[in-house]
Amino acid sequence: MATSRDEVFGKVQEVLTDALGVDDDEVSPESTLQGDLGAESIDFLDIVFRLEKAFEIKIPKGELFPDEILNNPEYVDGDKMTPTGLEKLKQAMPHADFSKFEQQPDVAKMPDLFTVDTIVNYVENKLQVA
Amino acid sequence: MRWIWIDSFVEFTPKGSASAVKNVTRSEDHLHDHFPGFPVMPAALIVEGMAQTAGILVGEARGFRENVILAKIRKASFDDFAVPGDQLRYDAKIETIDDQAAVTTGVVSKNGKPMGKVNLIFSHVNQASKPPELPDHNFVFTDQFMDLLATFRSKDMSGSPSDE
């Protein structure tokens, strides 16, 4: 039986409250993982492990959080992401909402691409493919 | 001072689980300050004992090729404390292990009775991924730690680690 978006959100919310020590009501679809929920780098790995367990899925390295693109200096020009970098990132992250970021692709704003909804979208795609 | 917070391994199943014991003694300096007249093993050192038990388990699972760094304490909860004369036992299990990291779960027991849980995440730091300021050699699995495992291996016990 297909898992509804609400069910996916509920489980993602539980994963994030456990991984980040935040309360349920702090985790809304638009919350950003770093800015709003205080995630640090190791927490991203923790989140991946917990999602794999909660949804019985396998998340290959770099698929949910494509850090190799994010940390690649070739894709950065000053404080902006280059058009090539942006294109690569969009391809790598079909689960993220780029509507705001692409208007002004500040590197400093990159963490805002990682919202609770980004994870929910990723898991939903993953469950549909499975 | 030697930073070893386990006395010996009592069980070791490679790539699966490990159990170590720690006898709390009044000769440990810090107990006289924590607290004066009321010596209690600090909870942070209980976490360290579990991290050493689980860390060696994780290191052994990949042939001690990488530095295994404690990256996150997922959970640490205790409903009792340990005083001189008590024996702590750390039972650690590997939940997940891959190229990047390992997740372990653990139960702490005092004199045979469970008294807490410590779940950890370790990061694998190898030559390719290590920050330049860290040393080139394996700075986690020093001779002291390897001796601890060797002592266990030399005991004639079932489930001893393989000599890979």
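Biologist: Where in chain B does B:Phe35 lie?
Modeller: In this predicted model, B:Phe35 comes after strand 2 (17-23) and before helix 1 (43-61) of chain B. Neither element holds B:Phe35, whose place is the loop between strand 2 and helix 1.

Biologist: Which residue does a cis peptide bond join to B:Phe35?
Modeller: Most peptide bonds are trans. Here omega is about 5 degrees, and the bond is cis. The partner of B:Phe35 in that bond is B:His34.

Biologist: What is phi of B:Lys15, and where does this residue sit?
Modeller: Happy to take the place before the angle: B:Lys15 is in the loop between strand 1 (8-13) and strand 2 of chain B. Most residues other than glycine have a negative phi. B:Lys15 has a positive value, with phi near 65 degrees.

Biologist: What is the relative accessible area of B:Lys15?
Modeller: Buried means under 20% and exposed means over 50%, with partly exposed in between. B:Lys15 falls in the partly exposed class because its relative accessible area is 48%.

Biologist: Chain A has a residue with a positive phi too; where is A:Glu56?
Modeller: A:Glu56 is not a glycine, yet its phi is positive, at about 50 degrees. Its place is the loop between helix 2 and helix 3 (67-70) of chain A.

Biologist: Is A:Glu56 buried or exposed?
Modeller: A residue is exposed when its relative accessible area is over 50%. A:Glu56 has a relative accessibility of 74%, so it counts as exposed.

Biologist: Which residues does B:Glu48 contact, leaving aside its neighbours within four places in sequence?
Modeller: B:Glu48 belongs to helix 1 of chain B. Its C-alpha atom is 9.0 Å from that of B:Ile6, although 42 residues separate the two along the chain. With the sequence neighbours left aside, the contacts of B:Glu48 are with B:Trp3 and B:Trp5.

Biologist: In what order do the elements of chain B run?
Modeller: The secondary structure of chain B comes to two helices and six strands. From the N terminus on, the order is β-β-α-β-β-β-β-α.

Biologist: What radius of gyration does chain B have?
Modeller: The C-alpha trace of chain B spans about 50 × 40 × 30 Å along its principal axes. For 164 residues, a compact globule would have a radius of gyration near 15 Å. Chain B agrees with that, at 16 Å.

Biologist: What share of the contacts in chain B join residues at least 24 apart?
Modeller: Of the 164 residues in this chain, 45% count as buried. The share you ask for is taken among contacts between residues at least 6 apart in sequence, and in chain B it is 68%.

Biologist: How far apart are the centres of the positive and negative side chains in chain B?
Modeller: The accessible surface of chain B comes to about 8,300 Å², with 53% of it belonging to carbon and sulfur atoms. The charged sets hold 17 positive and 22 negative side chains, and their centres lie apart by 5 Å.

Biologist: What radius of gyration does chain A have?
Modeller: Chain A has five helices and two strands, in the pattern α-α-α-β-β-α-α. The globule rule gives 14 Å for 130 residues, and chain A is close to this value, so it is as compact as a globular protein of that length; its radius of gyration is 15 Å.

Biologist: How many negative side chains does chain A have?
Modeller: Chain A has an accessible surface of about 7,300 Å², of which carbon and sulfur atoms account for 47%. Its positive side chains number 12, and the centres of the positive and negative sets lie 5 Å apart. The negative set has 28.

Biologist: How far apart are the end C-alpha atoms of helix 5 of chain A?
Modeller: Helix 5 of chain A covers residues 116-129, which makes 14 residues. At 1.5 Å a residue, the helix should span 20 Å. The end C-alpha atoms agree with that, at a separation of 20 Å.

Biologist: Which helices are among what covers the buried residues of helix 5 of chain A?
Modeller: The buried residues of this helix include A:Val116, A:Ile119 and A:Tyr122. What covers the buried residues includes two helices of chain A, namely helix 1 (5-20) and helix 2 (41-55).

Conventions: Residues numbered from 1 in each chain as written. Chains lettered and ligands numbered in written order. Predicted model: local features only at pLDDT ≥ 70, side-chain atom pairs only at ≥ 80, totals over all residues. Heavy atoms only, no water. Helix = DSSP H or I, 4+ residues; strand = E, 2+ residues; numbered from the N terminus. Rg over C-alpha atoms; globule rule 2.2 N^0.38 Å. Buried < 20%, exposed > 50% of the residue type's maximum accessible area, 1.4 Å probe, protein only. Contact = heavy atoms within 4.5 Å. Areas by Shrake-Rupley, 256 points an atom, 1.4 Å probe, with all protein chains shown as cover. Lys, Arg positive; Asp, Glu negative; His and termini not counted. Charge placed at Lys NZ, Arg CZ, Asp CG, Glu CD. Expected span 1.5 Å × (residues − 1).
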